[in-house]
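Colleague: I've never looked at this one before. Could you walk me through it and tell me how you know what you say?

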Amino acid sequence: MHEPTFDADRLGDIDIARVETARYRLPLTGPWHSAHGARQQREGWLLRLTSRTGATGLGECAPLPEAGTESLAVAAATWRTLLPRLVGRRADTVLATLQRLAATPAVRCALEAAVLDLAAATAGRPLAHCLNPATATVVRVNAALGGLDAGVPKRAVRAVAEGYRVLKLKLGLSPLGTEIAALRELSSRLPDRVVLRLDANRAWDDATAVQAVEALAGLPVEALEEPLRVPHPTALRQLQDRAPWPLALDESLSRWDLEPLLKDPPVRRIVLKPMVTGGP
């Protein structure tokens with residue numbers, strides 16, 4: 001693991017002169033369904049900090065309670081209390097007080113990202129390189145196709161044509177047998193080297209998850225996220241032993257103590273969302 005390369009003394013030289021926020025509500029092109037329900041829009045705040053030298057740093061607060069963050073209402077109340085106190089403070093002082101925002105990780109993420117981005121801008125370097133000098137310059141992402149509805153074959157064809165090689169699909173929205181049949185039909189149409197990243201969003205009990213892993217054998221599965229409604233370590237280890245591809249933990253991480261989990265994970269993949277973990 002690489003240590004961040006920010007100079008602590010330089011952080012003490014950065015004073016926050018101006019704080020600006022912008023609230024947004026962005027409608028989705030269609031309902032986003034998961035085992036947690038349907039979402040029609042994304043809401044949050046953009047944060048911009050400006051130093052006395054004119055450098056700027058950006059952060060974003062986009063609460064998603066079903067993923068483990070605070071609610072929009074709690075985030076808004078925290079903003080009202082927090083933001084007026086930032087003007088005139090030093091960057092190192094702000095970073096030192098972030099632990100007080102543990103109960104509001106989305107707000108904490110926005111503030112930490114903005115302060116670190118401000119420090120990176122002051123140093124004239126990309127933030128990613130400050131956090132990890134060996135960071136990749138290109139990041140591959142999956143195409144998010146939603147659930148296995150009637151339109152998913154068209155969305156898959158379009159994503160593959162756009163260059164995606166990993167297609168992410170939500171499971172747990174219909175009976176398992178229906179979804180497995182749809183996955184088999186879709187897989188039969190996919191070109192070689194295109195794989196499926198599946199996400200059950202904790203929809204299944206232990207027995208159903210075992211059935212799912214067995215039924216997915218032979219399909220081009222890249223990983224399966226959050227298969228268990230109750231993600232107990234023993235059950236996850238047993239399920240991972242059955243699966244030839246990684247199982248992943250995502251939204252349930254808010255219920256775990258991350259340090260021991262990362263030392264001895266019961267699954268082969270951990271999905272770290274800065275908005276949930278509280279920042280970069």
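Modeller: Sure, we'll start with the whole chain and then go to some helices and loops. Keep in mind that this is a predicted model.

Colleague: Okay, what is the protein chain built from, and how far does its C-alpha trace span?

Modeller: The protein chain has 11 helices and nine strands. Along the principal axes, its C-alpha trace spans about 60 × 40 × 35 Å. Of the 280 residues, 44% are buried. As for contacts with a separation of 6 or more, 62% come from residues 24 or more positions apart.

Colleague: Let's take helix α9. Which of its residues are buried, and what puts them on the same side?

Modeller: Helix α9 covers residues 233-242, and its buried residues are A235, L236, L239 and Q240. Around the axis they cover an arc of only 135 degrees, so they sit on the same side of α9. Among the elements that cover them are α8 (206-215) and β8 (247-249).

Colleague: Why are α8 and α9 called roughly parallel?

Modeller: Their axes cross at roughly 15 degrees. Angles under 35 degrees count as roughly parallel, so α8 and α9 are roughly parallel to each other. The two axes come within 10 Å, and the crossing is right-handed.

Colleague: Which residues meet there, and how do they divide by class?

Modeller: From α8 you have D206, A209, V210, V213 and E214, and they meet A235, L239 and R242 in α9. That contact divides into five nonpolar, no polar and three charged residues.

Colleague: What makes α2 and α4 oblique, then?

Modeller: Helix α2 (residues 72-82) and helix α4 (residues 105-123) pack at an angle of about 45 degrees. The roughly parallel class is for angles under 35 degrees, and roughly perpendicular runs from 65 to 115. An angle of about 45 degrees fits neither of those, and therefore α2 and α4 are oblique to each other. Their axes are 9 Å apart.

Colleague: And which residues make that contact?

Modeller: On the α2 side, A75, T78, W79 and L82 meet V107, A110 and L111 in α4. By class, the contact has six nonpolar residues, one polar and no charged.

Colleague: Now the loops. Where is R193, and how do you know whether R193 is buried or exposed?

Modeller: R193 is in the loop between α7 (176-189) and β6 (195-199). Its relative accessible area is 73%. Exposed means over 50%, so R193 is exposed. Phi of R193 is near 70 degrees, a positive value in a residue other than glycine.

Colleague: What about N201: is N201 buried or exposed, and what is its phi near?

Modeller: Phi of N201 is near 50 degrees, again a positive value in a residue other than glycine. N201 lies in the loop between β6 and α8. With a relative accessible area of 6%, set against a cut-off of under 20% for buried, N201 is therefore buried.

Colleague: One last residue: where is D250, and why is D250 called buried?

Modeller: You'll find D250 in the loop between β8 and α10 (258-263). Buried means under 20% relative accessible area; D250 has 6%, so D250 is buried. Leaving out residues up to four places away in sequence, D250 touches E225, E226, V271 and K273.

How values were computed: Residues are numbered from 1 along each chain as its sequence is written. This is a predicted model: local features need pLDDT of at least 70, side-chain atom pairs count only at pLDDT 80 or more; totals for chains, interfaces and linings use all residues. Side-chain values use heavy atoms; hydrogens and water are left out. Buried means under 20% relative accessible area, exposed over 50%, partly exposed in between (1.4 Å probe, protein chains only). Helices (H or I, at least four residues) and strands (E, at least two) are DSSP runs, numbered from the N terminus. The arc is that of the directions from the helix axis to the C-beta atoms. Contact means heavy atoms within 4.5 Å. Axes are lines fitted to C-alpha atoms, for helices over the stretch in contact, and angles run from 0 to 180 degrees between N-to-C directions. Angles under 35 degrees count as roughly parallel, over 145 as roughly antiparallel, 65 to 115 as roughly perpendicular and the rest as oblique. A crossing is left-handed if the near helix is turned anticlockwise from the far one by less than a right angle, and right-handed if clockwise. Ala, Val, Leu, Ile, Met, Phe, Trp, Tyr, Cys and Pro count as nonpolar, Asp, Glu, Lys and Arg as charged, and the others, Gly among them, as polar.
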